[in-house]
Amino acid sequence: MIHEDNVKLDWYPRNIGFLTRHCIRRCAFCVNRDRTEIKQVNTIEDIYQIPNAKIELLDDNLFAYPDAARLLKTIGDFYRKNKVKIKKKHLKKKYNRCKI
């Protein structure tokens, strides 16, 4: 399910998109203030269209998604399966310690 909010710019070689949309917080200043639930709109495979390019997730509130643990596990599994490299040392250490 490829969401229309995924971004593909030929001059900006990145995999950009949303795994989830909306938020439960209802902040007065937010574009999502009228939403009451978070829903999954893509998989990481949907977003990863340019091999070896960075992945940029634009989710408003991924950790408030009710099934966030499963979604994070699929991201980790995807990274391992596709041998996506984490380039920042401090993030790599945290990622390697993460057990979901």
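Okay, let's start in helix 2, where Asp-77 and Arg-80 sit 3 residues apart, about one turn of the helix. Their side chains meet in a salt bridge, with N to O at 3.6 Å. Before I go further, keep in mind that this is a predicted model.

Now, Asp-77 has another partner. Lys-73 also makes a salt bridge with Asp-77, and there the closest N and O atoms are 3.0 Å apart. That pair lies in helix 2 too, which runs over residues 68-82, and the spacing is 4 residues, again about one turn of the helix. So put those together, and you get Lys-73, Asp-77 and Arg-80 linked in a network of salt bridges. And if you're wondering about the general idea, side chains of opposite charge can pair when their charged atoms come close.

How exposed are these residues? Asp-77 comes out at 35% relative accessible area, so we call it partly exposed, since that falls between the 20% and 50% cut-offs. Lys-73 is at 38%, and counts as partly exposed as well.

How many salt bridges does the structure hold? The count is 4. One I want to show you is away from that helix: Glu-56 and Arg-14, side chain to side chain, 3.1 Å from N to O. What I like here is that this pair links distant parts of the chain. Glu-56 is in strand 5, residues 54-57, Arg-14 is in strand 2, residues 12-17, and they are 42 residues apart. On exposure, Glu-56 is partly exposed at 25%, and Arg-14 is partly exposed too, with 22%.

Okay, cysteines, for anyone thinking about reducing agents. A disulfide is a covalent bond between the sulfur atoms of two cysteines. How many disulfides does the structure hold? The answer is 0. Take Cys-23: for that residue, the nearest cysteine sulfur belongs to Cys-30, and it is 6.2 Å away. The cut-off for a disulfide is 2.5 Å, so Cys-23 is in no disulfide. Cys-27 is in no disulfide either, and its nearest cysteine sulfur is again that of Cys-30, at 6.1 Å. As for where these sit, Cys-23 is buried, with a relative accessible area of 10%, whereas Cys-27 counts as partly exposed at 30%.

Let me zoom out to the whole chain. There are 3 helices and 5 strands. Reading along the sequence, the order goes β-β-β-β-α-β-α-α. The chain has 100 residues, and buried ones make up 33% of them. The accessible surface comes to about 7500 Å², with 54% of that belonging to carbon and sulfur atoms. And then there's contacts: if you take those between residues at least 6 apart in sequence, 56% join residues at least 24 apart.

Last stop, Thr-20. Is Thr-20 buried or exposed? Thr-20 is buried, with a relative accessible area of 0%. You'll find Thr-20 in strand 3, which covers residues 20-21. And what does Thr-20 touch, leaving out residues up to four places away in sequence? The contacts include Ile-38, Lys-39, Gln-40 and Val-41, along with Asp-59, Leu-62, Tyr-65 and Leu-71.

That's my tour, so let's open it up for discussion.

Conventions:
Residues are numbered from 1 along each chain as its sequence is written. This is a predicted model: local features need pLDDT of at least 70, side-chain atom pairs count only at pLDDT 80 or more; totals for chains, interfaces and linings use all residues. Side-chain values use heavy atoms; hydrogens and water are left out. Helices (H or I, at least four residues) and strands (E, at least two) are DSSP runs, numbered from the N terminus. Buried means under 20% relative accessible area, exposed over 50%, partly exposed in between (1.4 Å probe, protein chains only). Contact means heavy atoms within 4.5 Å. Accessible areas come from the Shrake-Rupley method with a 1.4 Å probe; for residues, only the protein chains shown count as cover.
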